[in-house]
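Got the viewer open? Here is a short tour, one selection at a time.

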Amino acid sequence: MRLYLLWTDILVWILVAAIMFGGWRLLRSPLAKETWYRIFYAKTAMASSIVLLFYLGFALLDSIHFKQVEPAKGGSIVSVLDMAMSHQRSVSERTYSAPFASHEYVMSVISDPKSGKPVQRYLPLKHVQDGNILEESIIGIGVGLLLAIGLVMLHIRWRGGHAWRSYARDVWFGKSSLPWRTAYAVFTILTLLVVWMYVMSFSCHVLGTDKVGGDVLYAALKSIRTGVLIGTLTTLITLPLAVLLGVAAGYFRGWVDDLIQYLYTTLSSIPGVLLIAAGVLMMQVVMDSHPEWFASTIERSDLRLLFLVVILGVTSWTGLCRMLRAETLRIAKMDYVVAAKAFGVSRWRIMLRHIVPNLMHIILISIVLDFSGLVLAEAVLSYVGVGVDPTMYSWGNMINQARLEMAREPMVWWSLTASFVFMFLLVLAANLLSDRVQQVLDPRRAA
Amino acid sequence: MLTYIFRRILYAIPILIGVNLITFMLFFVVNTPDDMARAQLGAKQTTPEMIQAWKAEKGYDKPLFYNSDAEGIEHVTDTLFVRESLKLFMFDFGVSDANRNIAEDIKARMGPSLSIALPTFLIALITNISLALLLVLFRGSVFDLSMMIAAVMIMSVSGLFYIIAGQVLFSKMWHWVPISGYESGWESIRFILLPVAIGVFSGLGSGVRWYRSIFLEQITQDYVRTARAKGLSEIAVLFRHVLPNGMLPILTGVVVIIPSLFMGSLVMESFFGIPGLGSYTIDAINAQDFAIVKAMVFLGSVLYIAGLILTDLSYTLFDPRVTL
């Protein structure tokens with residue numbers, strides 16, 4: 001087994017490194033630190049960032065891939081999350097089964113072993129072991145509780161130092177400088193849920209199985225990576241384009257400005273979905289004619305995800321660019337920029353040191369604001385047929401399949417419900433956080 | 001006024017040429033006519049002669065940007081790019097892979113698209129604005145707060161879920177309206193009801209929040225304080241002062257959409273089986289019919305630019321400071 005990073009894995013880890021570096025730089029500046037304090041002073045911001053961290057954790061676990069070189073495994077590529085869920089990957093059921101069920105959801109015709117006549121039976125599931133659901137739940141919840149409390153205690157000890165007792169008391173009564181009590185509560189609930197579901201997944205299908213007998217919980221967990229990646233990596237493409245072109249247009253003005261304005265007006269006048277659809281259609285043609293670019297289906301779908309992210313990025317930088325251009329125009333007239341010019345500071349230095357730092361609030365607002373929109377867009381694009389690869393786990397693909405299941409009688413509701421809950425939590429958390437970020441950073445809304 | 005409109009239309013031409021260039025790059029440079037011919041004729045047993053014949057039949061046998069065989073100005077004009085662009089500017093979209101006239105199809109499908117999009121747009125506009133005004137009237141109260149929480153929740157659900165949930169509840173379980181389909185004339189109301197309701201509801205969250213923030217921005221202005229000082233009631237302040245002054249930012253965001261209503265909604269139409277332009281596009285994407293996608297991209301851009309021009313014109317109606 002050896003480490004085998006896909007293209008998107010590499011980009012994700014670059015992004016993580018960039019965020020870490022940015023965070024470290026921010027912590028050095030007392031002003032920025034205070035702004036972050038103000039953002040997280042709200043309970044909603046604290047709670048939603050804990051939720052987001054959980055999602056990010058799953059996405060990162062799913063972004064470390066290994067290639068199994070043992071001949072028995074046939075060189076398949078698996079992630080850390082796959083390995084943790086290998087008990088679900090190794091067994092596949094035949095068809096639908098409800099959450100926690102021990103038998104299949106639809107009757108099958110089999111020949112009766114005694115009389116030899118065909119009879120209709122609910123067949124038992126392969127993966128389900130005879131066990132007491134209640135007993136196992138208690139074990140799961142117990143382990144989860146221990147884990148959560150242990151981690152919370154560790155954090156309290158780390159933050160409180162030697163005076164951790166009085167610090168713990170402050171947290172308990174809600175007197176700490178930041179609403180840590182809320183954060184710990186959310187953390188405990190989520191840890192309990194995750195551990196409980198994980199423990200239960202060893203003996204049954206917690207969220208049921210889909211049409212071909214795949215575990216729905218596994219599919220929903222694997223979809224996290226797709227959603228989070230589309231939401232975050234797109235900004236990796238958008239930001240450089242928007243910042244570079246926006247600042248250049250606002251600072252240089254003249255023909256540079258005209259050209260850049262023409263560029264983004266043209267791009268933004270094409271309806272978004274259609275431009276993305278056109279881009280993805282062409283990408284399919286290119287990928288079909290270059291089969292040597294990928295060795296396996298997982299690499300193929302990964303490449304397609306990468307292209308989709310690039311297409312989304314190239315089509316969605318115009319709004320931010322327009323805003324940055326307007327703000328740069330305003331800042332460039334300010335006294336301190338004029339003074340810097342008079343002192344003979346070079347153009348690039350003025351842009352880097354005096355203009356870009358003052359655009360940070362707009363950039364940050366747009367990053368968090370775009371995230372939830374992109375996660376939602378993935379579902380719609382997959383439905384339209386221009387989203388991620390159909391073989392890839394994603395909420396959009398799950399909804400797409402579940403759409404037909406709702407027409408069945410009796411209804412197969414768990415796939416749709418699972419993707420709904422997973423998506424809703426992520427998008428709601430992102431929306432709440434972006435609201436708070438906007439409230440603190442946007443000078444117009446702070447008034 | 002007329003000269004202004006004329007000038008704006010002239011400004012639109014370079015943008016449309018740019019749009020054409022982008023679509024041309026996507027559809028002809030990335031996917032060359034040779035590739036298209038191979039895809040159309042089937043990968044096996046295609047001789048170069050067959051490809052040439054197919055290209056000649058479709059008129060794709062010219063060079064892309066520069067024709068070295070031609071004379072004078074025709075170096076540039078007798079090329080695939082100029083020919084294809086001119087056709088689009090004439091609204092001649094050619095024929096689809098199924099050998100149907102695309103322009104005719106588009107004309108026939110605009111009606112059904114509009115019959116969903118227009119009511120959704122109007123009803124959403126009215127409900128969003130009235131709800132936002134109500135929230136501003138009770139700003140800071142528990143009602144306001146709980147509605148804002150509800151708005152964030154509504155925003156956080158993917159539109160696909162509203163459609164699926166609506167179809168299951170209202171059509172499958174309660175049998176109030178048919179699940180999908182379309183008829184022309186007044187009969188169509190049965191089919192339109194559910195998509196319109198879902199369209200209005202799914203846009204409620206973001207819509208109400210946006211209008212509320214516009215009105216709240218107005219309510220801190222001096223003229224509102226003056227109006228209150230005159231002894232006007234809060235309702236009179238809202239309707240006579242805040243609403244008209246809020247119209248300007250509202251117009252900026254709303255008028256630009258109006259022409260694009262013709263394009264319909266991709267997801268809504270395909271879920272409800274409405275034979276409009278949205279489902280037309282989705283079918284074309286799934287069938288990889290590039291001619292239709294190309295036509296829709298061009299049409300969408302034309303309608304968007306028309307929306308921008310309309311926005312500027314609407315300022316002259318609502319803002320006395322703006323004259324053209």
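## Starting with the strands

Select residues 108-111 and 118-121 of chain A: these are strand 4 and strand 5, running antiparallel and joined by four bridges. Keep in mind as you go that you're looking at a predicted model. To check the register, pick A:Ile110 and look across to strand 5 of chain A, where its bridge partner is A:Val119. Now follow the hairpin round: six residues sit between the two strands, and A:Gly116 takes a positive phi near 80° there.

Next, stay in chain A and bring up the open sheet, which has three strands in the order 1-2-3 with antiparallel pairing. Strand 1 (2-3) and strand 3 (77-79) of chain A are the edges; each has a single partner strand, so one side of each has no neighbour in the sheet. Zoom in on strand 2 (residues 65-67) of chain A, which pairs with strand 3 of chain A in the antiparallel sense over three bridges. For a handle on that pairing, click A:His65, whose bridge partner in strand 3 of chain A is A:Ser79.

One more stop in chain A: select A:Arg253, in the loop between helix 9 (216-252) and helix 10 (254-269). What is its phi? The value is near 50°, positive in a residue other than glycine. Is A:Arg253 buried, exposed or partly exposed? Partly exposed: 14 other C-beta atoms lie within 10 Å, and the partly exposed class falls between 12 or fewer for exposed and 20 or more for buried.

## Over to chain B

Switch to chain B and colour by secondary structure: you'll get 15 helices and zero strands. Its radius of gyration is 25 Å, well over the 20 Å that the globule rule gives for 324 residues, so chain B is more spread out than a compact globule. The C-alpha trace spans about 85 × 55 × 35 Å along its principal axes. Colour by burial instead, and buried residues come to 31% of the 324 in chain B. If you like contact maps, 65% of the chain B contacts with a separation of 6 or more are between residues 24 or more positions apart.

Now split chain B by its domain assignment: domain 1 is 2-89 and domain 2 is 109-318. Their C-alpha centres are 37 Å apart. Where they meet, nine residues of domain 1 of chain B are in contact with nine of domain 2. On the domain 1 side, helix 1 of chain B gives the largest share, eight residues. By class, that side divides into seven nonpolar, one polar and one charged.

For a backbone oddity in chain B, go to B:His175, in the loop between helix 8 and helix 9 (189-202). B:His175 isn't a glycine, yet its phi is positive, about 55°. With 9 C-beta neighbours inside 10 Å, B:His175 counts as exposed.

## Where the chains meet

Last stop: show both chains and select the contacts between them. How many residues of chain B are in contact with chain A? The count is 37, set against 35 residues of chain A. Helices of chain B that each supply at least two residues to this side include helix 1 (2-30), helix 8 (159-173) and helix 15 (290-318). Colour the chain B side by class and you'll find 25 nonpolar, 11 polar and one charged.

Technical notes:
Residues numbered from 1 in each chain as written. Chains lettered and ligands numbered in written order. Predicted model: local features only at pLDDT ≥ 70, side-chain atom pairs only at ≥ 80, totals over all residues. Rg over C-alpha atoms; globule rule 2.2 N^0.38 Å. Contact = placed C-beta atoms within 7 Å. Nonpolar A, V, L, I, M, F, W, Y, C, P; charged D, E, K, R; others polar. Pairing = 2+ DSSP bridges. Domains from an automatic or database assignment.
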